[in-house]
Amino acid sequence: MFQKYKANKMYYLSSMALAGPVVISQLGHTLVQTADTIIVGQFAGTISLAAVSLVHSVFMVVLVIGLGIAYGLTPLIAQENGRSNDQECAKLLSNSFWLNFISAILLFLFVYFGSMYAMQHADQDPLVVETAKPYLLILSLSILPLMMFNTFKQFAEGLGFTKQAMNITIWGNVLNVILAVVLVKGMFGIKPMGVAGVGIATLVDRILMMIVMAWYVLKSSNFKRYIQHFSIRFIDSERMKKILKIGAPVAMQYVFEIGAFAGAALIAGKIGALEQAAHQTAITLAAMTYMMASGIASAATIKVGNSYGNKNFFRLEKFATVSYHLVLVFMVVCAIIFAVFNQYLPYIISKDQEVIALAAQLLVIAGMFQLFDGTQVVGLGILRGMGDVNIPTFITFFAYWIVGLPIAYFLGVKTGVGVKGIWYGLTLGLLTSSILLYFRYRHIIRKREKDMRTSLINLNH
């Protein structure tokens with residue numbers, strides 16, 4: 001095993017150097033929601049915490065559509081950069097900008113009006129719904145600056161520049177926490193705003209992040225060779241379709257997975273406000289480790305995409321294997337932390353003893369599904385780098401909506417197991433996705449090796 005590590009040391013170090021900043025940047029998206037949850041849980045009470053859970057459950061489903069569309073740029077940039085096609089990278093950026101702008105407007109309309117309808121007709125506590133409404137409106141407005149931020153972030157990361165987005169995310173989250181505490185608690189003469197306060201803090205944070213990230217990409221010498229070909233007026237429907245061809249399936253992958261967890265939150269809400277608050281507490285902690293694992297997956301997409309672009313399939317397979325190893329080690333550590341400190345971690349989110357006791361039980365289950373959650377997201381990242389998005393989209397739908405969520409509903413509601421039953425169902429969905437995605441990756445690699453052998457035989461003859 002040690003000899004294998006020494007032989008692949010370069011790949012491990014290269015992947016970790018790229019993945020580290022991406023992990024922090026990806027974690028930043030979740031930390032905004034995590035900070036909101038913690039601040040509301042500490043200062044606004046259980047009903048407000050349940051309201052945050054409800055908004056996140058319906059809002060995140062639509063938001064990830066936008067993030068998936070924006071993500072469609074990254075593998076294309078990685079592949080074109082592998083071919084040293086600077087001009088094409090610039091043209092893809094300009095078309096991604098307009099695609100994301102249009103998507104953000106449509107998503108705002110859909111997320112606000114659609115989510116409002118969903119909350120009012122999902123058999124939820126009426127007081128929770130009324131508390132959630134102002135937060136939903138303000139959070140919906142933040143979709144546009146977040147999409148624009150991701151336009152430039154995905155472009156930079158596709159070229160291997162990941163540290164600036166990390167730095168912007170860190171400072172953005174610091175600002176978000178400070179503003180949220182001031183507005184929710186009511187400080188410096190400001191009246192307590194409750195849940196609406198965290199929404200305003202998030203909106204301000206995302207506007208500033210958008211401005212700084214765009215300025216960095218357009219003005220930094222790192223991108224001069226690309227940006228000299230860039231024009232906001234360059235709009236090409238074929239390139240938009242090319243981005244959307246990857247981005248739309250990626251968006252649907254996010255929807256099927258996040259939608260399953262949103263569905264789980266709604267199922268928990270049918271059981272009761274206590275169960276919903278406990279679910280939100282535990283899933284917030286689990287989401288942090290997932291987003292960190294998705295950073296490793298994003299690095300895998302970039303490395304695999306670059307290798308795929310210059311047709312270096314030996315290097316591609318090395319980076320894929322290394323990515324699986326890294327996420328397994330990371331998730332084992334996270335699983336141990338969840339299992340050992342399950343009685344203490346919920347205090348980060350809530351002060352309600354009943355919520356803490358139930359969330360502690362859920363964290364033990366979360367420790368179980370960490371490995372599957374990590375390997376399935378890395379599997380998706382590897383396949384995206386190779387431009388394989390359609391079959392993985394079907395796999396995520398099958399794993400979460402045919403396997404995971406129906407079992408979660410059956411165990412959680414029909415058998416009386418409660419919210420723990422919901423989490424058992426989610427675990428089975430993650431396991432199914434992880435196995436099928438790995439088999440898909442191995443199938444493509446074997447097919448590629450077979451094609452190469454056939455080409456060599458034809459050349460010899």
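Me: Is the crossing of α8 and α9 right-handed or left-handed?

Reply: In this predicted model, the crossing of α8 and α9 is right-handed. The contact is made by residues from both helices, including Ile168, Gly172, Leu175 and Leu179 of α8, and Ala201, Val204, Leu208 and Val212 of α9. By class, 16 nonpolar, seven polar and one charged residues make up the contact of α8 with α9.

Me: At what angle do the axes of α8 and α9 cross, and how is that angle read?

Reply: Angles over 145 degrees count as roughly antiparallel. The axes of helix α8, residues 163-185, and helix α9, residues 195-219, come within 8 Å and cross at roughly 155°, which makes α8 roughly antiparallel to α9.

Me: Does proline 249 count as buried or exposed, and which residues does proline 249 touch?

Reply: A residue counts as buried when its relative accessible area is under 20%. Proline 249, which lies in helix α11, residues 237-271, has a relative accessibility of 11% and therefore counts as buried. Leaving aside residues up to four places away in sequence, proline 249 touches Leu244, Val389, Asn390 and Thr393. The C-alpha atom of proline 249 is also separated by 8.4 Å from that of isoleucine 69, although the two positions lie 180 residues apart along the chain as a sequence distance.

Me: How many helices and strands are there in the protein, and what percentage of the residues count as buried?

Reply: The protein has 16 helices and zero strands, and 58% of its 461 residues count as buried. Among contacts with a separation of 6 or more, 83% come from residues 24 or more positions apart.

Note on methods. Residues are numbered from 1 along each chain as its sequence is written. This is a predicted model: local features need pLDDT of at least 70, side-chain atom pairs count only at pLDDT 80 or more; totals for chains, interfaces and linings use all residues. Side-chain values use heavy atoms; hydrogens and water are left out. Axes are lines fitted to C-alpha atoms, for helices over the stretch in contact, and angles run from 0 to 180 degrees between N-to-C directions. Helices (H or I, at least four residues) and strands (E, at least two) are DSSP runs, numbered from the N terminus. Angles under 35 degrees count as roughly parallel, over 145 as roughly antiparallel, 65 to 115 as roughly perpendicular and the rest as oblique. A crossing is left-handed if the near helix is turned anticlockwise from the far one by less than a right angle, and right-handed if clockwise. Contact means heavy atoms within 4.5 Å. Ala, Val, Leu, Ile, Met, Phe, Trp, Tyr, Cys and Pro count as nonpolar, Asp, Glu, Lys and Arg as charged, and the others, Gly among them, as polar. Buried means under 20% relative accessible area, exposed over 50%, partly exposed in between (1.4 Å probe, protein chains only).
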